[in-house]
Amino acid sequence: MTDAAPRPLGVYVHWPYCGRICPYCDFNVVRDRGRAEERRALADAIIADLEAQRRLTGERALLSIFFGGGTPSLMDPAEVARVIETAKRLWSPVEDLEISLEANPTDAEADRFAALAEAGVERLSLGVQALDDDALRALGRNHDAGAARRAMNVAARTFQRLSIDLIYARPGQTDAAWRAELAEAIAFGPEHVSPYQLTIEPGTAFDRAVGRGTLVVPDEDLAATLFETTQTVLEAAGYDAYEVSNHARGEGARSRHNLVYWRGVDYVGVGPGAHGRLALPEGRAATLAHRAIADYVAAVRGQGVGFTREILSPVEAAEERLVLGLRIDDGVAFAEVAALNLTPDAAKVRDLADAGLLVADQNRLRATRRGRLVLDRLTGALAT
Ligand SMILES: C[S@@+](CC[C@H](N)C(=O)[O-])C[C@H]1O[C@@H](n2cnc3c(N)ncnc32)[C@H](O)[C@@H]1O
Ligand code: SF4
């Protein structure tokens, strides 16, 4: 018998309710209509589903718990505490277990931050999105810039760790305005910033407005300029771009939970529509929870599990490692993408390296800053 430490994993908890549905969002969300019974039933189902996942994973080290959404800051803090306690009981928490929760910056939610911290949340990921009232209105947000500023102040006082999300490449945004907005956001002192380029997701209200011609987003050149500005401003302020859209003040400020995804570590996903990835004796398993709240709750009640699972083929697993690994600065090991026949000497690796999009040594493949700008094209070229 060896005493090898159990394989690590992260836990993702999806809470789908939102105060208002934003017109650009394609996450699995529903409007919160204050149905307390339904919310309680969902929390019970999430707890039972965690137990089902434990039967599948066996003993594991617990690296992180991430409450995402939707808007988990609308969750009852007592339910947040119950989920945290359950995950900690089922797996073996590491000493520096990371517990994060996504929040919207409304005044009502900022009033609940202390209770969420009390429940065990130590890292808040706050969806500031913009610090400009017109932009927030255009994004259909249920808060203004003043509320976002107040929420950042409360969050910085209440949680050990603060991350903020921003959206850029918005309609009508100029480079100078984005530079000023980023500078203001940084001044609140978050240890981590996630600036996302606005994506027009198929089927959203923004997608329909772009189709009608009533919404015009920045062209590719302006979007590239805004990306460059993001890198330069954040770098100068001491934030490393350790992933395409994630910047942290030092290694300790990186999101351990997101690194779980990008490094191909296992994770359990519970709650409607949540994904999971687990190394099982039969191969790399992809789990997928039922998307509709009622289906999810019914499945957990009826069959004891809220998810289905399939085993990925070696090529599918390697493609996923490539797509995720190239997002981060440590890249991906050739050994992990062997099923794609990628080696340091493969012609496509050399060609893309010559074009300045990749760097490769004998062991690893990494995207350069230019490569990260065209990541979809890069991974497409490598995977075919
Ligand atoms: C799951 S959302 C939830 C967080 C929280 N409910 C909120 O809206 O603040 C996580 C982040 O994804 C980003 N996001 C969502 N849809 C996006 C889109 N279409 N384009 C760019 N970023 C998007 C936003 O920055 C958001 O904070
Ligand atoms: S962006 Fe956030 S608040 Fe808006 S619908 Fe999506 S998850 Fe909900």
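## Around ligand 1

In this predicted model, the shell around ligand 1 divides into 6 nonpolar, 7 polar and 3 charged residues. There are 16 residues around this ligand. Y24, G127, D165, Y196 and T199 come nearest to ligand 1.

Which elements give two or more residues to this shell? They are three strands: β4 (61-69), β6 (123-129) and β7 (161-168). Find them in the structure, then look for the ligand beside them.

## Around ligand 2

A second ligand has its own set of neighbours. Ligand 2 is surrounded by C18, I21, C22, C25, F27, V29, G69, G70, T71, N104 and G127. How does this shell divide by class? It has 6 nonpolar residues, 5 polar residues and no charged ones.

One residue appears in both settings. G127 is among those that come nearest to ligand 1, and G127 also belongs to the surroundings of ligand 2.

## Two domains

The domain assignment splits the chain into domain 1 (8-260) and domain 2 (314-384). Their C-alpha centres lie 28 Å apart. The two domains touch: the contact takes 6 residues from domain 1 and 7 residues from domain 2.

On the domain 1 side, α9 (220-236) and β9 (240-243) each supply at least two residues. Which element gives the largest share of that side? It is α9, with 3 residues. By class, the side of domain 1 that touches domain 2 has 4 nonpolar, 1 polar and 1 charged residues.

## A three-stranded sheet

Now turn to an open sheet of 3 strands. The order is β15-β17-β16, and the pairing is antiparallel. Which strands sit at the edges? They are β15 (332-333) and β16 (358-360), and each pairs on one side only.

Look at one pair in detail. β16 and β17 (residues 364-367) pair in the antiparallel sense over 3 bridges. Within this part of the sheet, A360 stands opposite L365 in β17.

## A helix across the strands

Which helix lies across β16 and β17? It is α13, residues 347-354. This helix runs at about 125° to β16. So β16 can be traced from two views: β16 is an edge strand of the sheet, and α13 lies across it and β17.

Key. Residues are numbered from 1 along each chain as its sequence is written. Chains are lettered from A and ligands numbered from 1 in the order in which they are written. This is a predicted model: local features need pLDDT of at least 70, side-chain atom pairs count only at pLDDT 80 or more; totals for chains, interfaces and linings use all residues. A residue is near a molecule or strand if its C-beta atom, placed from the backbone, lies within 6 Å of it. Helices (H or I, at least four residues) and strands (E, at least two) are DSSP runs, numbered from the N terminus. Ala, Val, Leu, Ile, Met, Phe, Trp, Tyr, Cys and Pro count as nonpolar, Asp, Glu, Lys and Arg as charged, and the others, Gly among them, as polar. Two strands pair if DSSP finds at least two bridges between them. Axes are lines fitted to C-alpha atoms, for helices over the stretch in contact, and angles run from 0 to 180 degrees between N-to-C directions. Domain bounds come from an automatic or database domain assignment.
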